[in-house]
Amino acid sequence: MRRLRGPEGLWEAAYARPHPGLRPGVLGYHGFRLALGAPRRRLEVPVGAATLLLGFDGALRIRGLTGPPRPPDRLVSVLTGLATRPVLGEHDGRLAGVEVLLTPWASFTLFGTDQHELADRALDPDALGVRPAAGPWRRVGDLAAALGALPGWGARFRLVDETLLAWSRAGPPSCPRTVRAWDALVRAHGDVPVARLAAGVGRSTRQLENRFREQIGVAPKAAARILRLQRARRLLAAGRSPAETAALCGFYDQAHLSGEFRAMTGCTPGRYAAVSGARLPPRDGPPSADRLPGERTSLVLPEPPDALFSKTGHRP
């Protein structure tokens with residue numbers, strides 16, 4: 001657990017590994033509490049995971065960067081599936097909760113919801129009608145409130161373990177072939193033809209696409225785009241040039257990499273690296289809000305936010 005008080009306010013962060021019975025589907029827990037003196041706006045980019053935020057203090061305002069303008073969604077607890085587009089998240093400076101990072105197929109089992117209903121969306125799981133079939137907490141909001149009432153992060157993580165174990169045992173099992181195909185795609189960082197991926201698990205391309213839509217949320221080709229760009233962001237953060245990154249990640253050329261960056265992060269590789277500072281923050285700085293280790297997935301936006309998007313065609 002890390003706690004830091006600085007000129008901007010208070011940060012508190014705690015991390016834990018899930019119960020062995022939940023792994024490898026549940027990837028990790030991140031508890032956090034923020035008490036800052038001003039609102040905070042962040043760019044959240046796609047990652048190869050689903051996310052459950054169990055919020056118990058404050059609320060997020062979330063809106064997309066593509067499509068027709070509309071008011072942001074105001075959410076306390078949030079369930080998201082795989083995404084291919086960036087979103088803007090904002091809060092008033094006070095926020096606390098436990099973030100649970102999930103493989104998409106584990107999200108399918110825990111919530112009994114076809115994952116295509118969650119793709120490129122951020123939803124209140126209770127409003128979605130998610131009703132876990134077992135355990136004392138049948139509403140996600142009730143579980144989040146119970147977490148907030150507990151005295152420390154250890155007790156909170158134990159309650160999350162107990163609840164997710166009950167939900168997992170009662171939920172629909174994921175298809176082993178789909179899990180193997182997803183794992184193979186993750187290991188290859190998305191750089192594998194869909195036909196070869198399907199053949200490797202004894203499925204036709206159409207069968208694999210149908211299973212991915214149900215239990216992963218997007219088609220295999222879209223999932224590969226997410227994972228390929230995820231690797232590209234890591235390489236850029238490690239100091240690789242855009243041209244070298246494009247070659248290593250299987251893009252046709254640097255222009256192809258830049259186009260994917262614009263579509264999935266809202267800005268070019270150079271702008272993304274400039275705003276992120278390229279490297280990860282020092283250990284003695286504020287705890288990271290990034291969902292994946294070793295990669296910038298959540299960027300504090302400059303003021304005004306147009307400074308980031310002025311060359312992309314996207315506007316917050």
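## Working through the sheet and the cores

In this predicted model, strand β1 (residues 2-6) pairs with β2 in the antiparallel sense, with five bridges between them. Let's start there and build outwards.

**Exercise 1. Work out how β1 connects to β2, and which residues stand opposite each other.**

Step 1: follow the chain from β1 to β2. The link is a hairpin of two residues.

Step 2: read off the partners. Arginine 2 has alanine 13 in β2 as its bridge partner, and arginine 3 stands opposite glutamate 12 in β2.

**Exercise 2. Take β2 and find out what lies on its other side, then decide how covered the strand is.**

Step 1: look for the other neighbour. Strand β3 (residues 26-36) is joined to β2 by eight bridges, and the two run antiparallel.

Step 2: pick a pair to check the register. Glycine 9 sits opposite leucine 36 in β3.

Step 3: use the cut-off for buried, which is under 20% relative accessible area. Six of the eight residues in β2 (residues 9-16) are buried, so the strand is mostly covered.

**Exercise 3. Put the strands in order and name the edges of the sheet.**

Step 1: extend the pairing beyond β3. You get an open sheet of seven strands, ordered β1-β2-β3-β10-β5-β8-β11, with antiparallel pairing.

Step 2: look for strands that pair on one side only. Those are β1 and β11 (122-123), the edge strands.

**Exercise 4. Find out which strands α3 and α4 lie across, and at what angles.**

Step 1: try α3 (residues 140-149). This helix lies across β5 (50-57) and β10 (94-102), and runs at about 55° to β5.

Step 2: now α4 (residues 153-170). Helix α4 lies across β2, β3, β5 and β10, at about 140° to β3.

**Exercise 5. Track down the nonpolar cores and see which helices feed the largest one.**

Step 1: keep the general trend in mind: in soluble globular proteins, nonpolar side chains tend to be buried together.

Step 2: find the hubs. The largest nonpolar core has 39 residues, and Leu43, Trp182, Leu185 and Phe212 touch the most other members.

Step 3: go through the helices. At least two residues of this core come from each of α1 (104-111), α5 (176-187), α6 (194-200), α7 (205-215), α8 (220-237) and α10 (254-265). Helix α8 gives the largest share, nine residues.

Step 4: check for anything left over. There is a second, separate core of 29 residues, with Phe111, Leu143, Phe157 and Leu164 among them.

Terms used
Residues are numbered from 1 along each chain as its sequence is written. This is a predicted model: local features need pLDDT of at least 70, side-chain atom pairs count only at pLDDT 80 or more; totals for chains, interfaces and linings use all residues. Side-chain values use heavy atoms; hydrogens and water are left out. Buried means under 20% relative accessible area, exposed over 50%, partly exposed in between (1.4 Å probe, protein chains only). Helices (H or I, at least four residues) and strands (E, at least two) are DSSP runs, numbered from the N terminus. Two strands pair if DSSP finds at least two bridges between them. A nonpolar core is a set of buried Ala, Val, Leu, Ile, Met, Phe, Trp, Tyr and Cys residues joined through side-chain atoms within 4.5 Å. Contact means heavy atoms within 4.5 Å. Axes are lines fitted to C-alpha atoms, for helices over the stretch in contact, and angles run from 0 to 180 degrees between N-to-C directions.
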